[in-house]
Structure formats: C-alpha cells, structure tokens
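Colleague: Could you take me through this structure? I should like to begin with the ring interactions, and with what you count as one.

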Amino acid sequence: QVQIVESGGGLVQPGGSLTLSCTVSGTNSPFSWYNMAWYRQVTGKEREEREWLAFISTSREANYADSVKDRFTISRDNEKNTIYLQIDNLQAADTAVYYCAADRNPGGTLTKATYDYWGQGTQVTVTS
C-alpha cells in the first residue's frame with residue numbers, strides 16, 4: 001500500500017524560509033517512475049479547492065503556479081524516495097496545509113490534475 005508522508009511544516013515568521021519533505025513508500029514501481037506535485041489547502045476551503053503549487057516529472061522537469069514561481073522550488077531525490085518544496089520569503093498568505101501527491105500518470109491538465117495518492121499534509125503557519 002502506497003504511503004505518503006509530508007514533514008517540515010511549522011510556525012515561521014514572515015520573510016522566513018522552510019523546506020517541506022514528502023517521502024513515498026509502498027509503491028509497486030520505482031519511485032523514479034512517479035510524477036509528483038505539491039498542493040496546499042487553506043482552512044475553510046474544501047479538498048476540491050486545493051491550490052496546485054508545483055509539479056516535478058520523472059525527468060525532473062519542474063512547473064510552478066504563477067503565484068509562487070518566484071519563491072517556491074521543487075526538487076526530488078529518487079534515492080530517498082522523497083521530494084522537497086523550498087519556500088522562501090514566507091508570507092501570511094502561505095499559511096495552509098501542504099499536501100504531496102503522486103501518480104505515474106496523472107490525469108487532467110497540469111493545473112487541474114488528478115493523482116492517485118495523497119499524503120495527510122503538513123501545516124505551515126506564517127505569523128509574527
């Protein structure tokens with residue numbers, strides 16, 4: 001059974017940085033075969049309203065939402081079955097639960113994709 005565990009969230013002051021991690025286990029195929037993405041969900045929003053943030057393909061091609069492309073960096077370490085999301089210059093509006101998603105072949109489009117596997121999320125709170 002596929003398990004996805006996000007970590008690295010916490011309480012951060014505005015202007016600070018965080019690196020979130022997402023580790024995948026239990027896949028039938030090598031982790032390197034999975035396309036991965038980061039999303040976030042603000043309190044009060046429904047699951048369907050999760051905001052897509054970044055995507056990294058099996059070939060390490062990265063794509064970002066326009067709203068975060070200047071501050072977010074996605075990367076992957078296939079040896080560790082892990083992807084990362086570095087967030088710089090954190091702002092109050094970044095406060096959310098951050099989710100990681102995995103799929104060998106995501107459906108839909110880049111910004112409206114569907115993924116088979118999701119983690120439970122990690123909370124990021126930006127406050128002074």
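Modeller: A charge sits over a ring if NZ of Lys or CZ of Arg is within 6 Å of the ring centre and within 35 degrees of the ring normal. Please bear in mind that this is a predicted model.

Colleague: Which charged end sits over the ring of Trp 118?

Modeller: The charged end of Arg 47 does, 5.3 Å from the ring centre.

Colleague: And what lies over the face of Tyr 99?

Modeller: Arg 50 occupies that place, at 3.5 Å from the ring centre.

Colleague: Back to Trp 118: which residue forms an aromatic pair with it, and in what geometry?

Modeller: A search of the whole structure finds three aromatic pairs. In one of these, Tyr 115 and Trp 118 meet edge-to-face, with 6.2 Å centre to centre and 85° between the planes. Tyr 39, Tyr 115 and Trp 118 together form one aromatic cluster.

Colleague: Are Tyr 115 and Trp 118 buried or exposed?

Modeller: Tyr 115 counts as buried, at 8% relative accessibility. Trp 118 has 22% relative accessibility, so it counts as partly exposed, given that buried means under 20%.

Colleague: Let us turn to the overall fold. How many helices and strands does the protein chain have?

Modeller: The protein chain has zero helices and 13 strands. Along the sequence, the pattern is therefore β-β-β-β-β-β-β-β-β-β-β-β-β. The radius of gyration is 14 Å, close to the 14 Å that the globule rule gives for 128 residues, so the chain is as compact as a globular protein of that length.

Colleague: What does the C-alpha trace span?

Modeller: Along its principal axes, the C-alpha trace of the protein chain spans about 45 × 30 × 25 Å. The accessible surface comes to about 6,800 Å², with 43% of that belonging to carbon and sulfur atoms.

Colleague: How much of the chain is buried, and what share of the contacts is made by residues far apart in sequence?

Modeller: Of the 128 residues, 42% count as buried. Among contacts with a separation of 6 or more, 57% are between residues 24 or more positions apart.

Colleague: Which residues touch the most other members of the largest nonpolar core?

Modeller: That core has 35 residues, and Met 36, Trp 38, Leu 85 and Tyr 98 touch the most other members. Several strands each supply at least two residues of this core, among them E3 (18–25), E4 (35–41), E5 (51–56), E8 (82–87) and E9 (96–103). In soluble globular proteins, nonpolar side chains tend to be buried together.

Colleague: Take Leu 53, then. Where does it lie, and is it buried or exposed?

Modeller: Leu 53 lies in strand E5 and counts as buried, at 0% relative accessibility. Beyond its neighbours within four places in sequence, Leu 53 is in contact with residues including Trp 38, Tyr 39, Phe 72, Leu 85 and Tyr 98. The C-alpha atoms of Leu 53 and Thr 43 are separated by 16 Å, with the two residues ten apart along the chain.

Colleague: And Tyr 84: where is its place, and what is it in contact with?

Modeller: Tyr 84 belongs to strand E8 and is partly exposed, with a relative accessible area of 22%. Leaving aside neighbours within four places in sequence, Tyr 84 is in contact with Thr 19, Leu 20, Ser 21, Trp 38, Thr 73, Ile 74, Ser 75 and Asp 77.

Colleague: A change of topic: the loops. What is the phi of Asn 81, and what is that of Asn 89?

Modeller: Phi of Asn 81 is near 55°, a positive value in a residue other than glycine. Asn 89, which is not a glycine either, has a positive phi of about 50°. Asn 81 lies in the loop between E7 and E8, while Asn 89 lies in the loop between E8 and E9. Asn 81 counts as partly exposed at 27% relative accessibility, and Asn 89 also counts as partly exposed, at 42%.

Colleague: Finally, where does Lys 112 lie, and is it buried or exposed?

Modeller: Lys 112 lies in the loop between strand E10 (107–108) and strand E11 (113–114). With a relative accessible area of 65%, Lys 112 is exposed. Lys 112 and Glu 51 are 61 residues apart along the chain, and their C-alpha atoms are separated by 9.3 Å.

Notes: Residues numbered from 1 in each chain as written. Predicted model: local features only at pLDDT ≥ 70, side-chain atom pairs only at ≥ 80, totals over all residues. Heavy atoms only, no water. Core = buried A, V, L, I, M, F, W, Y, C linked by side-chain atoms within 4.5 Å. Buried < 20%, exposed > 50% of the residue type's maximum accessible area, 1.4 Å probe, protein only. Helix = DSSP H or I, 4+ residues; strand = E, 2+ residues; numbered from the N terminus. Phe/Tyr/Trp six-rings, centres within 6.5 Å; stacked < 30°, edge-to-face > 60°. Rg over C-alpha atoms; globule rule 2.2 N^0.38 Å. Contact = heavy atoms within 4.5 Å. Areas by Shrake-Rupley, 256 points an atom, 1.4 Å probe, with all protein chains shown as cover.
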